[in-house]
Amino acid sequence: LEFRRVLFRSAGAHRGRVVPMKSPAHRRAEGLTLPELVAVVAVITVGASLALGLNGREIRRERINAAAVGLSGWIEEVRRSALKAAPCTVTINSNLSGAASGAVIGTAVPQPAPSGASAPADACQSLSPFRLPTEVGNSRVKVEPLSDASFTFGVLGTVSPATPVEKEWILTLLKSNGQSDLSRCLRIRGMMGFVEIGNRDG
């Protein structure tokens with residue numbers, strides 16, 4: 001009787017909890033079954049494919065943006081140069097087959113001063129041609145003019161010829177098979193030569 005009392009107190013010392021012991025035959029093996037493992041692998045594969053697809057599109061978007069922003073910045077630099085000195089004629093080279101990184105897309109040439117004298121030394125500060133930036137990577141960019149390939153910034157920053165009112169080009173990133181991918185529209189609006197970039201991804 002005393003022995004039973006000691007056992008009872010000992011069980012109370014463990015807060016009265018009784019932990020049942022399962023026999024080995026009733027123990028369930030831990031881990032995933034084969035169907036569960038296959039389902040997990042399938043979910044991971046689909047998620048990885050979606051992530052890679054989104055990352056690839058982001059990379060292509062950054063590449064076409066780099067080409068469009070770089071060209072618009074170069075045109076604006078030529079325009080500011082014309083404001084300081086003498087008129088500058090800009091030519092945007094079309095390339096329907098696609099130009100690679102480093103290819104010349106735009107050139108600027110200073111025009112003689114009205115009096116016939118040579119243009120000031122600081123005319124067309126950006127005489128170096130515009131080349132597609134290295135951010136384009138191994139992609140190719142198609143340059144498609146929708147208006148005249150050449151135009152002139154005057155000393156007041158105005159654009160000539162005055163018609164059409166908008167000078168526009170389409171820059172398109174090409175896929176490896178030559179098909180069009182993402183596009184950007186570069187536009188010079190009005191006689192004051194404001195440069196705009198538009199999205200044509202659709």
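A residue is taken as buried when its relative accessible area is under 20%, and by this criterion 30% of the 202 residues of the protein count as buried. The model described here is predicted. Its accessible surface comes to about 12800 Å², of which 60% belongs to carbon and sulfur atoms. Among the contacts in the protein with a separation of 6 or more, residues 24 or more positions apart account for 62%.

The protein has two helices and ten strands, and, read from the N terminus, its elements follow the order α-α-β-β-β-β-β-β-β-β-β-β. Helix 2 spans residues 34-84, and several of the residues described below, including Ala67 and Ser72, are found in that helix.

The pairing of the strands was examined next. One open sheet consists of five strands in the order 4-3-1-6-7, with antiparallel pairing. Strand 4 (130-131) and strand 7 (159-160) stand at the edges of this sheet, and because each has a single partner strand, one side of each is left without a neighbour in the sheet. The partner of strand 7 is strand 6 (residues 150-153), to which strand 7 is joined in the antiparallel sense over two bridges; within this pairing, Thr152 stands opposite Ser160 in strand 7.

Further antiparallel pairings involve strand 5. Strand 5 (residues 140-145) runs antiparallel to strand 2 (residues 95-99), and the two are joined by two bridges, with Val143 of strand 5 serving as the bridge partner of Asn95. Strand 5 also pairs in the antiparallel sense with strand 8 (residues 166-174), in this case over six bridges, and here Val141 stands opposite Leu173 in strand 8.

Two residues of helix 2 illustrate how the helix meets other parts of the chain. Ala67, which lies in helix 2, is buried, with a relative accessible area of 0%. When neighbours within four places in sequence are left aside, Ala67 is in contact with Phe130, Leu132, Pro133, Val136, Val141 and Leu171. One of these residues, Val136, is 69 residues from Ala67 in sequence, yet the two are 6.8 Å apart in space, C-alpha to C-alpha. Val141, also among the contacts of Ala67, is the residue noted above as standing opposite Leu173 in strand 8. Ser72 is likewise located in helix 2, and at 10% relative accessibility Ser72 counts as buried. Apart from neighbours within four places in sequence, the contacts of Ser72 are with Leu186, Val195 and Ile197.

Charged side chains were considered separately. Side chains of opposite charge can pair when their charged atoms come close. The structure holds five salt bridges, among them one between Asp181 and Arg60, whose closest N and O atoms are 2.5 Å apart. This pair links distant parts of the chain, with Asp181 in strand 9 (residues 180-189) and Arg60 in helix 2, 121 residues apart. Asp181 has 18% relative accessibility and therefore counts as buried, whereas Arg60, at 28% relative accessibility, counts as partly exposed.

Another salt bridge is formed by Glu76 and Arg79, for which the closest N and O atoms are 3.4 Å apart. Both residues lie in helix 2, three residues apart, about one turn of the helix. Glu76 is partly exposed, with a relative accessible area of 23%, while Arg79, at 10% relative accessibility, counts as buried.

Glu168 and Arg187 likewise form a salt bridge, the closest N and O atoms being 3.4 Å apart. In this case the pair links distant parts of the chain, since Glu168 lies in strand 8 and Arg187 in strand 9, 19 residues apart. Both Glu168 and Arg187 are buried, and salt bridges that share partners join Glu168, Arg187 and Glu196 into one network.

Key:
Residues numbered from 1 in each chain as written. Predicted model: local features only at pLDDT ≥ 70, side-chain atom pairs only at ≥ 80, totals over all residues. Heavy atoms only, no water. Pairing = 2+ DSSP bridges. Helix = DSSP H or I, 4+ residues; strand = E, 2+ residues; numbered from the N terminus. Salt bridge = Lys/Arg side-chain N within 4 Å of Asp/Glu carboxyl O. Buried < 20%, exposed > 50% of the residue type's maximum accessible area, 1.4 Å probe, protein only. Contact = heavy atoms within 4.5 Å. Areas by Shrake-Rupley, 256 points an atom, 1.4 Å probe, with all protein chains shown as cover.
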